[in-house]
Structure formats: C-alpha cells, structure tokens
Amino acid sequence: MKITIVFDNCPDKRGLRTGWGFSSLIEVGNAPPLLFDTGADGDSLLDNMKQLHIDPKQIGAIVISHAHGDHTGGLSSILEINEDAEIYVPASTVTRLPGRKVIMVSQPIQISESVFSTGELKGIEQSLAIKTGKGVLVVAGCSHPGVGTILDAACRYGKVYGIIGGLHGFHDFDLLDGLSLICPCHCTQHKKELRRLFPGQYISCGAGLELEL
Ligand SMILES: [Zn+2]
Ligand SMILES: [Zn+2]
C-alpha cells in the first residue's frame with residue numbers, strides 16, 4: 001500500500017502548497033484510490049494533486065475523519081470534479097450532499113478489501129485501519145477521540161504497525177511503545193518530543209510525503 005500526504009501544515013521537499021489542515025491519498029492493491037480528508041481549501045488541494053499526478057476523477061471513496069473545516073474544506077471542489085466517489089462521514093455530521101451516496105458511519109465498517117473505519121469514536125471522529133503485510137497502519141485526522149481510543153479500536157484488525165496523521169495534544173507517549181512507524185502530521189503539538197523518544201520510528205510529515213508499506 002501507498003499513502004501520499006496531499007495537504008498538511010508542513011512542507012515536504014516538493015514545495016507543495018501548505019496550510020492548516022490534512023488530506024491524504026491511500027492506494028491499496030487494485031482498489032480505486034481513497035482520499036482521507038480534503039484539507040482546508042479546494043484550490044490548494046487540487047493544485048497539490050496536480051503536482052502529485054493524482055487524478056481526482058479516479059478517486060473511488062472519500063472518507064472524512066470529522067466535520068472540522070481543516071478536513072472538509074476541499075470536499076466541494078473534489079465533488080465538482082468527481083461525481084461517483086462514495087463518501088463516508090461520521091454519523092454525527094450534518095451533511096447534505098444531494099444526489100450523492102453518503103455513508104453515515106457510526107460502527108466500525110469495511111470500506112475496501114484492506115481498509116476499515118474504526119467507526120465514529122467519542123461522537124466526533126473516525127480513523128482508518130489499513131491492513132498491510134507488516135500489520136495495521138492507522139491513519140488519523142486530528143485524533144480528537146484520543147490516540148489510545150483510536151489504537152484500541154484499530155487493533156481489532158490486527159497488530160498495529162504504525163500511525164500517521166494528526167495527533168493533536170497527544171502526550172501519553174507510552175501508548176506508542178512497540179509501534180514501528182510514527183508519522184505525526186498536521187495538528188500534532190509534541191512532534192519534537194516524539195522525534196526524541198522514537199528516533200528509529202519517527203518519520204517527518206509534510207505535503208508531498210509518500211510512504212509505501
Ligand atoms: Zn484538524
Ligand atoms: Zn479537528
């Protein structure tokens with residue numbers, strides 16, 4: 001599987017547009033690409049996609065972690081271009097997208113062969129659990145339900161290999177012991193501490209980062 005950071009607060013080497021928000025593209029096997037979150041604004045999202053050679057029309061599913069503008073800002077722009085993608089939003093979200101298939105997620109569900117939603121946790125946010133040959137990769141938007149809650153929900157799909165995404169104010173660092181990949185993005189407040197504690201596992205996040213597992 002491959003995950004590409006399409007939108008993030010921080011830059012990577014490529015010089016893509018940045019801003020406060022998060023979006024990533026997930027490609028697993030032969031399944032159509034899945035977009036997890038849509039960043040803060042459509043122009044930046046689409047421009048970054050162009051530079052990354054991602055065709056928005058090919059996206060088969062769009063998963064929104066939670067209904068904050070820094071994760072939903074680019075949604076309407078994508079939907080103008082892509083009329084077919086299935087859309088997964090947390091059940092508490094008030095969503096009106098006439099004519100579109102919107103799946104309101106409350107319980108854990110399977111999205112594609114290897115990709116699962118944790119279900120909406122603490123009434124606010126869903127994360128992804130992706131089965132890979134190395135274990136489960138967790139992808140989180142902002143981690144508002146708490147990283148511990150998310151990891152607990154994800155481990156039903158197997159041993160968690162790593163976590164990537166926004167970790168917000170997370171500081172129960174012991175919870176990450178045993179993970180092989182820690183890639184804090186977006187709103188993570190304690191990146192320096194995480195890098196210091198997990199030098200072998202830490203990967204710097206930024207718009208344009210591509211990780212293959
Ligand atoms: Zn956020
Ligand atoms: Zn948020």
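## Arg14 and the salt-bridge network

Arg14 is partly exposed, with a relative accessible area of 39%, in what is a predicted model. The side chain of Arg14 meets that of Glu210 in a salt bridge, with an N to O distance of 2.7 Å. Because Arg14 lies in the loop between strand 1 and strand 2 (23-27) while Glu210 belongs to strand 13, this pair ties together parts that are 196 residues apart in sequence.

Glu210 also forms a salt bridge with the side chain of Lys2, at 3.2 Å from N to O. Here too the pair links distant parts of the chain, since Glu210 is in strand 13 (residues 210-212) and Lys2 is in strand 1 (residues 2-7), with their positions 208 residues apart in the numbering. Lys2, Arg14 and Glu210 are thereby linked in a network of salt bridges. Glu210 counts as partly exposed at 35% relative accessibility, and Lys2 counts as partly exposed at 23%.

## A salt bridge from helix 1

The structure holds five salt bridges, and one of them joins the side chains of Asp47 and Arg17, with an N to O distance of 3.3 Å. Asp47 sits in helix 1 (residues 42-51), whereas Arg17 is in the loop between strand 1 and strand 2, so that the pair links parts of the chain 30 residues apart. Asp47 is partly exposed, with a relative accessible area of 26%, and Arg17 is likewise partly exposed, at 37%.

## The zinc site

The zinc ion (ligand 2) has three histidines as its protein donors, namely His66 through NE2, His68 through ND1 and His144 through NE2, which lie 2.1 to 2.2 Å from the ion. Along the chain these donors follow the spacing H-x1-H-x75-H. Distant parts of the chain are linked in this way, with His66 in the loop between strand 4 (61-63) and helix 2 (69-72) and His144 in the loop between strand 10 and helix 4, 78 residues apart.

The two residues differ in their burial class, for His66 counts as buried at 0% relative accessibility, whereas His144 counts as partly exposed at 29%. A further zinc ion (ligand 1) is found 3.6 Å from the zinc ion (ligand 2).

## Ser143 and helix 4

Ser143 has a positive phi of about 60°, although this residue is not a glycine. Ser143 lies in the loop between strand 10 (135-140) and helix 4 (147-154), the loop that also holds the zinc donor His144. With a relative accessible area of 5%, Ser143 is buried.

Helix 4, which follows this loop, is mostly covered, as six of its eight residues are buried. The buried residues of helix 4 are Val147, Gly148, Ile150, Leu151, Ala153 and Ala154, and what covers them includes strand 9, strand 10 and strand 11 (160-166).

## Lys122, an exposed loop residue

Lys122 is another residue with a positive phi, of about 50°, that is not a glycine. Its place is in the loop between strand 8 (115-117) and strand 9 (128-132). Lys122 is exposed, with a relative accessible area of 64%, whereas Ser143, the other loop residue with positive phi described here, is buried at 5%.

Terms used
Residues numbered from 1 in each chain as written. Chains lettered and ligands numbered in written order. Predicted model: local features only at pLDDT ≥ 70, side-chain atom pairs only at ≥ 80, totals over all residues. Heavy atoms only, no water. Helix = DSSP H or I, 4+ residues; strand = E, 2+ residues; numbered from the N terminus. Buried < 20%, exposed > 50% of the residue type's maximum accessible area, 1.4 Å probe, protein only. Donors = N, O, S within 2.8 Å, 3.2 Å for Na, K, Ca; no water. Contact = heavy atoms within 4.5 Å. Salt bridge = Lys/Arg side-chain N within 4 Å of Asp/Glu carboxyl O.
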